[in-house]
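Work through the exercises below with the structure in view. Try each task before you read its solution.

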Amino acid sequence: MARTGLTRVVLAAVCVLAMNLPTHAAEHVTFKNGFEQDCVRHEIVGDKVRLYFAGKGTDVNFQDLSADSVLRVEEVADAPVIADVPPVTVATKAASAELTKAEMKEMLAHAGDSHNIDADLLASVVRAESGGQVKAVSRTGAKGLMQLMPGTANEMGVQDAFRPEQNIAGGTAYLDALLTRYHDNVVKALAAYNAGPGAVDKYHGVPPYRETQAYVARVIREFNRRKQMALVARTQ
């Protein structure tokens, strides 16, 4: 399932940060010939429209098309600004003590390397899903750090969703499958992780669900925060 090449998932969040639009998930481009395409952002370059996509790094993964071929560009989602809080969960009192930050970082790095996914994205998903609580259980029955539903856990070969290494491995494998399904479109993959691929396919992008729009914005905002912190640390 994993693919070789540069680590994915950097472009979507970095572009959102660069545009100073922390809650805008993506853009949906409709062409005059009826074809539709989702992208992270676009800009006019001479007589061309440059569409930027997630997948290879800042300002690397793009495609130039004739400006005359574009009918309109729409924002896929404009989620409301919300507090950085995890979803409602039920967790054991000892959950937070079961995994240190160093252990979490090591597990996320290993899973990211195995699936060619930026570990900061995985950490951002964990924060949004469970707040880092190993024993978290949602109202719908999703379990563990990356909030795996029983069916998804079974498909990903997870025997115990409360075992951190299994949960992270399974959640990362599932996110990898979604990135593959949506051609490394991080926004769509995150939306599908939250609302399911069926909803994303139905609406050709982030579905008009407040929860899902807020979830995508929250993950990207956390990812941006982590990259900003890393950049500041390198410049000091």
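**Exercise 1. A buried residue in helix 2**

Task: Decide whether Leu108 is buried or exposed, and find which residues it contacts beyond its neighbours within four places in sequence.

Solution. Note at the start that this is a predicted model.
- Step 1. Place the residue: Leu108 is part of helix 2.
- Step 2. Read its relative accessibility, which is 5%. Buried means under 20%. Leu108 therefore counts as buried.
- Step 3. List its contacts outside the four-place window: Ala119, Leu122, Ala123, Val126 and Ile168.
- Step 4. Check one pair. Leu108 and Ala119 stand eleven residues apart in sequence, and their C-alpha atoms are 5.5 Å apart in space.

**Exercise 2. The overall layout**

Task: State how many helices and strands the protein has, and in what order they run.

Solution.
- Step 1. Count the elements: there are eight helices and six strands.
- Step 2. Follow the chain from the N terminus. The order is α-β-β-β-β-β-β-α-α-α-α-α-α-α.
- Step 3. Add the burial total. The protein has 236 residues, and 46% of them count as buried.
- Step 4. Look at sequence separation. Take the contacts between residues at least 6 apart in sequence; 57% of these join residues at least 24 apart.

**Exercise 3. The nonpolar cores**

Task: Find which residues touch the most other members of the largest nonpolar core, and which helix gives the most to this core.

Solution.
- Step 1. Start with the membership. The largest nonpolar core holds 38 residues, and Leu121, Leu175, Leu190, Tyr193 and Tyr215 touch the most other members.
- Step 2. Name the elements that supply two or more residues: helix 2 (101-115), helix 3 (119-130), helix 5 (164-181), helix 6 (186-195) and helix 8 (210-235).
- Step 3. Pick out the main contributor. Helix 6 gives the most, with seven residues.
- Step 4. Look elsewhere too. Another core, of five residues, lies apart from this one, and its members include Val29, Cys39, Val49 and Leu51.

**Exercise 4. Helix 6 against helix 8**

Task: Work out at what angle helix 6 and helix 8 pack, and which residues make the contact.

Solution.
- Step 1. Take the geometry. The angle is about 125 degrees, and the axes of helix 6 and helix 8 are 9 Å apart.
- Step 2. Classify the angle. Roughly perpendicular covers 65 to 115 degrees, and roughly antiparallel means over 145. Helix 6 is therefore oblique to helix 8.
- Step 3. Give the handedness: helix 6 passes helix 8 in a right-handed crossing.
- Step 4. Name the residues. Helix 6 brings Val187, Leu190, Ala191, Tyr193, Asn194 and Ala195, while helix 8 brings Glu211, Thr212, Tyr215, Val216, Val219 and Ile220.
- Step 5. Sort them by class: nine are nonpolar, two polar and one charged.
- Step 6. Zoom in on Thr212, which sits in helix 8. Its relative accessibility is 2%, so Thr212 counts as buried. Beyond four places in sequence, Thr212 contacts Ala191, Asn194, Ala195, Val206 and Pro207.

**Exercise 5. Helix 3 against helix 8**

Task: Find how many nonpolar, polar and charged residues the contact of helix 3 with helix 8 has.

Solution.
- Step 1. Set up the pair. Helix 3 and helix 8 pack at about 130 degrees, with axes 9 Å apart. The two are therefore oblique to each other.
- Step 2. Note the crossing of helix 3 over helix 8: right-handed.
- Step 3. List the contact. From helix 3 come Asp120, Leu121, Ala123, Ser124, Val125, Arg127, Ala128 and Glu129; from helix 8 come Tyr215, Arg218, Val219, Glu222, Phe223, Arg226 and Lys227.
- Step 4. Sort by class: seven nonpolar, one polar and seven charged.

**Exercise 6. Positive phi in two loops**

Task: Say where Asp184 lies and where His204 is found, then give the phi of Asp184 and of His204.

Solution.
- Step 1. Recall the background: most residues other than glycine have a negative phi.
- Step 2. Take Asp184, in the loop between helix 5 and helix 6. Its phi is positive, about 65 degrees, although Asp184 is not a glycine. At 14% relative accessibility, Asp184 counts as buried.
- Step 3. Take His204, in the loop between helix 7 (197-203) and helix 8. His204 is not a glycine either, yet its phi is positive at about 55 degrees. At 48% relative accessibility, His204 counts as partly exposed.

Conventions:
Residues are numbered from 1 along each chain as its sequence is written. This is a predicted model: local features need pLDDT of at least 70, side-chain atom pairs count only at pLDDT 80 or more; totals for chains, interfaces and linings use all residues. Side-chain values use heavy atoms; hydrogens and water are left out. A nonpolar core is a set of buried Ala, Val, Leu, Ile, Met, Phe, Trp, Tyr and Cys residues joined through side-chain atoms within 4.5 Å. Buried means under 20% relative accessible area, exposed over 50%, partly exposed in between (1.4 Å probe, protein chains only). Helices (H or I, at least four residues) and strands (E, at least two) are DSSP runs, numbered from the N terminus. Axes are lines fitted to C-alpha atoms, for helices over the stretch in contact, and angles run from 0 to 180 degrees between N-to-C directions. Angles under 35 degrees count as roughly parallel, over 145 as roughly antiparallel, 65 to 115 as roughly perpendicular and the rest as oblique. A crossing is left-handed if the near helix is turned anticlockwise from the far one by less than a right angle, and right-handed if clockwise. Contact means heavy atoms within 4.5 Å. Ala, Val, Leu, Ile, Met, Phe, Trp, Tyr, Cys and Pro count as nonpolar, Asp, Glu, Lys and Arg as charged, and the others, Gly among them, as polar.
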